[in-house]
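User: Please take me through the terms used for this model, and say what each one rests on.

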Amino acid sequence: MVLWSAAVSVLDFLDEELAALDRAHRRRIPRVLSGAQGARIVLDGRPVVSFSSNDYLGLAAHPSLREAMSSAAAEVGVGAGASRLIVGNSELHERLEGALAELHQRPAARLFSSGFAANSGLVPVLAGAGDEVFSDALNHASIIDGCRLSRGTVHVFEHGNYKDLEGMLARSRARRKIVVTESLFSMDGDLANLSELRALATEHGAVLVVDDAHATGLFHGGAGLGSAAGADVIVGTLGKSLGGFGAWVAGPRALADVLWNRARSLVFSTGIPPAVAAAGLAGVALVRGEAGEQARARLWARVAQMKAGLESIGLAATCASPIIPLEVGDDREVMRWTSWLLERGFYVQGIRPPTVPEGTARLRIAVSAGHDEADVAGLVEAIAAGIAAGLSLRDRSTWNAR
Ligand SMILES: *Cc1c(COP(=O)(O)O)cnc(C)c1O
């Protein structure tokens, strides 16, 4: 019985869309990993050193996360079975929320199934009709979607240009003002000036929301940057340095309680598997403890080595974080770079628009605590060989400093 025929043409526009992506060198296709995530992986069947993951502390395959998740799964099974508000709320979810609130020294935290769900659910709760949201131009897609879903008016300020923001805040007559920024920008590796943002938000009576997705685990004993800077609301993810999956919003108790009632991505979605929450608890314990300190020390040593290495081949990189972008500009050229490095055993994913602004395609090097000195030295050598072979990189003394 034929239920569907390729002759049906109402979806032909999809083939056209793919052809257009191919022509623009923008078609994205994932590679396939065998085995565990980490600094050394098997990608499309080949062992490579990966400089592409957000697993900055090398926890994704850590024995204590494996053990926490598998023993919880053995005990409570897999699926949450319902949204947490119905009957999907386990003790493990509650304990993880407690641990996350404590991590940030805030009264409460609310788990979401992902950082994407957290931001897209949070912003509409904070900003309704008549309110105004002030958002950094390089904020993550999930913040942008949260802004779009809110009924508020959205003002996008130039990346890191707080004079621009100040002017917007001063002109605003809104009842409620929300300033939202990433703390460590995911594709540029630079840091927001949170103390300046805190002062501006306070002066103008605005709420400061800090998305700590990439900073969690790396700063202030694992807490990230938002809590120490006095953010009113902090968003974090378990999917990056914490080596797991899921995300949270931390802040006042009333916020956590309103989220139960108004955040659509929370209310209308199945809770994360309790065993995943157990892995989250193990991740939080690790980053707060001695193992976290040691992993951070290894990570920052490798970041410093990468900076020195890039400088030694004439690339002036300011490395404020494990995220080190090398701007290429052209979409096709950046994918040539990725292939070139892959042939030499290094995986650095090329990042193209719309993830980054038009004309700023880049190699996004992500250093991990799992790398050793030889990994970093090898990548620097391969980049130097690429330059010698005629592959082009933009000379940007402005990396991380825009
Ligand atoms: C990765 C990321 C998210 C999304 O988090 P997930 O848990 O992966 O959905 C949100 N915000 C920022 C800034 C991110 O980099």
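Analyst: Helices (H or I, at least four residues) and strands (E, at least two) are DSSP runs, numbered from the N terminus. Residues are numbered from 1 along each chain as its sequence is written, and side-chain values use heavy atoms, with hydrogens and water left out. The model is predicted: local features need pLDDT of at least 70 and side-chain atom pairs pLDDT 80 or more, while totals for chains, interfaces and linings use all residues.

User: Where is Asp 44, and what makes its phi worth listing?

Analyst: Asp 44 sits in the loop between β2 (40–43) and β3 (46–50). Its phi is positive, about 50 degrees, and Asp 44 is not a glycine. Most residues other than glycine have a negative phi.

User: What kind of peptide bond joins Pro 353 and Pro 354?

Analyst: A cis bond, with omega about 10 degrees. Pro 354 belongs to the loop between β13 (350–351) and β14 (361–366).

User: Why are α4 and α11 called roughly parallel?

Analyst: The axes of α4 (residues 91–104) and α11 (residues 274–288), lines fitted to C-alpha atoms over the stretch in contact, cross at roughly 25 degrees and come within 8 Å. Angles under 35 degrees count as roughly parallel, so α4 and α11 qualify.

User: How do α5 and α6 pack?

Analyst: α5 (residues 115–126) and α6 (residues 141–149) have axes 7 Å apart, at an angle of about 30 degrees. That angle therefore makes α5 roughly parallel to α6.

User: What is the hand of each crossing?

Analyst: α5 passes α6 in a right-handed crossing (near helix turned clockwise from the far one by less than a right angle). α4 passes α11 in a left-handed one (anticlockwise).

User: Which residues are closest to the ligand, and how many surround it?

Analyst: 13 residues surround the ligand (a heavy atom within 4 Å), the closest being Gly 115, Asp 211, His 214, Thr 237 and Lys 240. Helix α5 gives the largest share of this shell, 3 residues. By class the shell has 2 nonpolar, 8 polar (Gly among them) and 3 charged residues (Asp, Glu, Lys or Arg).

User: How do you know that Asp 211 makes a polar contact with the ligand?

Analyst: A polar side-chain atom of Asp 211 lies 2.6 Å from a ligand nitrogen, and a polar contact is a pair of N or O atoms within 3.5 Å. An N or O atom in the side chain of His 214 is 2.6 Å from a ligand oxygen. For the side chain of Lys 240, the distance to a ligand oxygen is 2.6 Å. The protein covers 85% of the 380 Å² of accessible area (Shrake-Rupley, 1.4 Å probe) that the ligand has on its own.

Conventions
A polar contact is a pair of N or O atoms within 3.5 Å; within protein, one must be able to donate a hydrogen and the other to accept it, and residues adjacent in sequence count only if both atoms are side-chain atoms. Axes are lines fitted to C-alpha atoms, for helices over the stretch in contact, and angles run from 0 to 180 degrees between N-to-C directions. Angles under 35 degrees count as roughly parallel, over 145 as roughly antiparallel, 65 to 115 as roughly perpendicular and the rest as oblique.
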